[in-house]
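User: Can you walk me through this model? I have the sequence open next to it.
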Amino acid sequence: MDYSPHTDEQVAQMLQTIGVSSIEELLANIPSEVRCRSFTLPTGLSEAEVLSACESLASPNRSLRELASFLGFGAYPHLIPTVVDALASRGEWLTPYTPYQAEASQGTLQLIYEFQTLICELMQMEVANASLYDGASSLAEAVLLALRTSGRPRILVSEAVHPHARQAIATYLQGFPAIIQELPHTNGVTDLEALAAASKDDVAAVLMQQPNVFGCLEPMEQAGQLAHRVGALFVASVYPISLGLLKPPGAYGADIAVAEGRCLGSPVAYGGPGLGLFATSQALLRKVPGRLVGCTVDQAQRRAFTLTLQTREQQIRREKATSNICTNEGWLCVRAAIFLSLLGPQGFRELAELNLQHAHALSERLRELPFVEPVFDQPFFNEFVVRYTDGVRARDVNRKLLKAGLLGGLALRPWYPALGESALWCVTEAASREQMDHVVKTLKTVA
Amino acid sequence: MVIPKDFRYTKTHEWTKQEGADVLVGITAHAQEELRDVVYVELPAVGKTVKQGEPVAVVESVKAAFDIYAPLSGTVARVNESLSKSPQLVNQDCYGTGWFFAITPSQPSELSALMSSDDYTKLITGER
């Protein structure tokens, strides 16, 4: 319920102290369109009446509990074993924030240490941190690391890296004397000739995504070699679930591997929260942003866990810190550790296989429809792009599907106008045969 | 505490020692005692041009990090590579094998303007 920490007199006193006449004046600089609009609830309602009014306000929202989602572009429906919720909801896991009085929280530290170990194994990288906010900010932190370490100004980023992640990088780099150069894609994958031509000795890092934003598999190994030839860092942004089948970043020479880790045991919930995974080679250990947990022994030679290499962090190194992140995504990190431990290597591989099989099955069935054609001729994991022909528009298709309780592929036009009426579909292990039948049946009524 | 007579010093606790055309730089016994166990030293790139008073290296103990400032303007001629594997040399032998880097001075007169061992002794006794 509403919490009012201050009396009217206290508020008036504070306003007077800072020299503004009202709360409204204090907030005047915030654009009106992002201001909270009143719920215009009548006064004098009971608790139950307020709840019911709010539920009715929220009722037009439709959640993934009632819709079957085939929406690509970064937020995917994945099944979450009940055990994850049961364990992660225990008070010991639910309440701890990132460790501040660190060494008193041995349980939390041990969990983060196990999490880091799991991420290292998954990515086949040597070092992983305790997590960052989300995949996009992890990628932006990788860019900062590369600029700082190399002293070079240029970042090469593929157009086939998620546009939201590229926006996050642009936001992070405001005020930096850095140059972001985008590399074009050809037939759904990054143009290696363009990469080779742009690879000069002023390049700090090359950024690629695997699978890329179109779901296509990129030639990561060759891209990495081109980056390394000019002494640039190779940064791979990956989709964790795909690593059950695809080569991990460590196997193709990535210096930094980042990912959105929400798919590891946490739900899609509006825009977040996300889980930023960040892993590097040993050589970059001291440049890693965020928190790192290490394992050591205490005075009595017992195994103990500790926050380590804290001299990288802002509370000690001030303006020369490797990052201004002094936290981690605690609860999602707990959930990811439980999820990965539960599945194990075999289960994780089977999960990836299910994604691959489901996506390829639906892709084939969609292509059989008269107004659907494939866009790229590339291997893919669980996302793929199709184009609608015969004057069928992506948004009309999605409207029809939504009426049938289905979220169709994302219309790509706003981000990639050259692709025309294309849609990015995703099929995960969560999609049932009945749901896929339902999609095909509904689409048959479109044109 | 050892404060060699023939070295010259800065207020920020670096020592300097002429060696041929170059000037060796390290941190004083007082500085390494205050720092406690040094766990990492970040050294400048050889060939880098530095200005007097500019931060050029970083020394880290377990829970603190400090900048090391260039006592003189010039070019970094050499760095002590062995510190990357053995940062404890800074504690064990701060005036010898624990040196940080060598500068080829561009303005040699800056050297004579640095503190003598007597002045530096006064500075650190004052600090206590």
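Analyst: What follows goes through chain A, its domains, then chain B and the contact between the chains; the model is predicted.

User: How many helices and strands are there in chain A?
Analyst: Chain A contains 14 helices and 17 strands.

User: And what is its radius of gyration against the globule rule?
Analyst: For chain A the radius of gyration is 24 Å, and the globule rule gives 22 Å for 447 residues. The two are close, so chain A is as compact as a globular protein of that length. Its C-alpha trace spans about 70 × 65 × 45 Å along the principal axes.

User: How much of chain A is buried?
Analyst: 43% of its 447 residues count as buried. As for contacts in chain A with a separation of 6 or more, 72% are between residues 24 or more positions apart.

User: Where are the domains in chain A?
Analyst: Domain 1 of chain A is made of 68-78 + 344-444, and domain 2 covers 82-339. Their centres, taken over C-alpha atoms, are 28 Å apart.

User: How many residues are in contact between them?
Analyst: Domain 1 of chain A puts 25 residues in contact with 19 residues of domain 2.

User: Which elements are on the domain 1 side?
Analyst: Helix H12 (330-367) and strand E14 (383-388) of chain A each give two or more residues to the side of domain 1 that touches domain 2. H12(A) supplies the largest share, seven residues.

User: What about residue classes on that side?
Analyst: The side of domain 1 of chain A that touches domain 2 has 16 nonpolar, five polar and four charged residues.

User: Switching to chain B. What order do its elements come in?
Analyst: Chain B has five helices and nine strands. From the N terminus on, they run β-β-β-α-β-β-β-β-β-α-α-β-α-α.

User: And the radius of gyration of chain B?
Analyst: Chain B has 13 Å, which agrees with the value near 14 Å for a compact globule with 128 residues. Along the principal axes, the C-alpha atoms of chain B fill a box of roughly 35 × 35 × 20 Å.

User: Same burial question for chain B: what share counts as buried?
Analyst: In chain B, 40% of the 128 residues count as buried. Of the chain B contacts between residues at least 6 apart in sequence, 63% join residues at least 24 apart.

User: Last one: how many residues does the contact take from chain A and from chain B?
Analyst: Five residues come from chain A and five from chain B. On the side of chain B that touches chain A, three residues are nonpolar, two are charged and none is polar.

Key
Residues numbered from 1 in each chain as written. Chains lettered and ligands numbered in written order. Predicted model: local features only at pLDDT ≥ 70, side-chain atom pairs only at ≥ 80, totals over all residues. Domains from an automatic or database assignment. Contact = placed C-beta atoms within 7 Å. Helix = DSSP H or I, 4+ residues; strand = E, 2+ residues; numbered from the N terminus. Nonpolar A, V, L, I, M, F, W, Y, C, P; charged D, E, K, R; others polar. Rg over C-alpha atoms; globule rule 2.2 N^0.38 Å. Buried ≥ 20, exposed ≤ 12 C-beta atoms within 10 Å, placed from the backbone.
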